[in-house]
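Reader: I would like to learn how to read strands, helices and cavities in a model, one feature at a time. Could we begin with how strands are paired?

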Amino acid sequence: LNTGKTYLSDAIVSKSSGRSLTVMATPVFSNNQIIGVLYGTLDLNIFNELLQSFALPSNYRILIVDKAGVKLGDSDKSKVPSFSNRTFEEANKFSYLDAFNNALKGESGFTKEKIDNKTAIISYIPYKTLQNVRILLVMQECSDLQNYTENENKFSCESIENKILKGSPLIDKNFLVNLLSLNLKEYLQVAEILLDITSKLPQISENINPNLINSTVHGINSFDGLEKRQVAKSILSKTNLFESVFLLLNNGDMYLDEPYQRQENLSRDNFVIRDYYKGVKNSNSTSLGNAIVSSATGKNQPNIGVPVFSENMTLSGIWAGGLNLTTISKIIQNFNLTNENDLILYLDENGVDVGISDKKILEKITGNQIFDFSKLRSFIDASNGNTGSTTDTILGKEYEIIYSPVKIIDKTWVVLFISDVVS
C-alpha cells in the first residue's frame, strides 16, 4: 500500500501448514486509487528440494537466505525442523554471520567463522531475483588442527582457504545451473500468479464486448475498456515482469493490448495459431508460450496466458503477458560468476534464447550467426528432463556444456552453461 507497486515478501511461515512461503501482493486500482490488494503465495520448499538433491561432501552445507537472514533452503535435511518443534526465528535466521553481512553489501567472497559451534569456511554470493536480494552461503566445516585424518572426517581450514585464493570457484558450475533453473521457475511462477489473480478482477472478467472491436486498430479503441487498460497499465508500471499485457477473446481475436502503441502496430488481429492460446483453450488453465516473433515489435517474445471465465464458468477470453526478456537475462547476469569465455543461456522448447548472460560471448561462439541450439545433445537431454554435462560441437569447436531442464507450467525450457574445453 505504501508504494502502490506489486511486492514480493520476505519468507514467512504458514501457521496452517508450517511451510515457508513468500507472498506476492498487487494493488487493485479504481480511478487511480487503491481500493484493495490481491495476493498469492509461493511455497519455498522448492529451495530445500533443490539443495537436498545434491550429493555433497560430508563437510558441506549450503543455505539460501533472504535479505533478513531468514533461511529459505538448506541442504542438510536434519537442519530443516518441523513446524511443531521449532522457533522459526532461532532455527532459521543467519543474519549474525559475517558472511551474510558482507554479502548484504553486494560483496562475494569467503569468511572463516563459527556456525552451530563448528568452524567453517563460508563462501558467500549475493544475487537478486525480482525485487528481492538472496544470499547463497556455501559452508565447508573444517579444522584448524595441523594433525588430522580423513577417517575422522576432518578438513583443513587452511587448505580450503588456499584453494579459494588460488582461483577455485566459490560455487560449483553444476550447482549454479540448477540454481538458475530454480530462479527462472520462480520468476515464471510469479508472473503466472500475477496474471491469474488479476484475471479474476471484475474489471477484467466482466463487460467484454466484441462489438467494440475496430479492425483498423486491431482491437478496441484506446478510449474503450478503460478499466481493463488501467489494470494492464498498472501491471506494466508496477513490475518489470512483462513488456506487454493483453486480452484475447475466446476465438483468439485481439481485444486490447497495452501499451496501446503495440496494439496499433500489430500485423494480425487473431492469435489462434499461438501455442499459449491453444494451451489455454485445450486445458482451461495457464499456458506458457515458446518465443515467437511478436507481430507488434518484430522481436522474440514468449507469452503466458491464463483463462478468463464468465459468471457461468465458461471461457470468455485469455488474459496474457509478454515476458520481459531483459528481466529474464538479468536473472543470469545478477550472479556475475562466469569468466570472459563462459556463456549461460535460457532456451525455450525450440532452442530459442530467452535469456543470455552476455550477448557478445554468444556472438563470438556462434560467429554472429543464427545457431540452432535444439540440435545439441545437451539441449535434447535436458528437454527430456535430465540434468548433466557433456561436450558438444558448435561451429566446429568443442565446448563443455552443463545443462538442466526448467519444468514450468506446461513447458520444459532449458539452461545451458557453455565453457571452452580445456585441452
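Author: Two strands are said to pair if DSSP finds at least two bridges between them. This is a predicted model, and in it strand β12 (residues 242–249) pairs with strand β18 (residues 315–323) in the antiparallel sense over 7 bridges.

Reader: Which residue of β18 is the bridge partner of Phe246?

Author: The bridge partner of Phe246 there is Ala320. β12 also pairs in the antiparallel sense with strand β13 (residues 254–258), over 4 bridges, and in that pairing Leu248 stands opposite Met254.

Reader: How many residues lie between β12 and β13 in their hairpin?

Author: There are 4 residues between them, and Gly252 in the turn has a positive phi of about 95°.

Reader: Is β12 largely enclosed or left open by the rest of the structure?

Author: A residue counts as buried when its relative accessible area is under 20%. In β12, 7 of the 8 residues are buried, so the strand is largely enclosed by the rest of the structure.

Reader: What can I check on a helix such as α5?

Author: One can compare its expected span, at 1.5 Å a residue, with the distance between its end C-alpha atoms: for the 27 residues of α5 (residues 173–199) the expected span is 39 Å, and the ends are 39 Å apart, which agrees. Of these 27 residues, 21 are buried, so α5 is mostly covered.

Reader: Which residues lie nearest the centre of the largest cavity?

Author: They are Phe246, Arg262, Phe271, Ser294 and Asn303, among 15 lining residues. The elements giving two or more residues to this lining are β12 and β13, and the cavity has a volume of about 130 Å³.

Definitions and conventions. Residues numbered from 1 in each chain as written. Predicted model: local features only at pLDDT ≥ 70, side-chain atom pairs only at ≥ 80, totals over all residues. Heavy atoms only, no water. Expected span 1.5 Å × (residues − 1). Buried < 20%, exposed > 50% of the residue type's maximum accessible area, 1.4 Å probe, protein only. 1 Å grid on protein atoms, 1.4 Å probe; cavity = no way out; pocket = protein on both sides within 12 Å on 5 of 7 lines; lining within 4 Å. Points joined across faces, edges and corners; volume = space filled by probe spheres on them.
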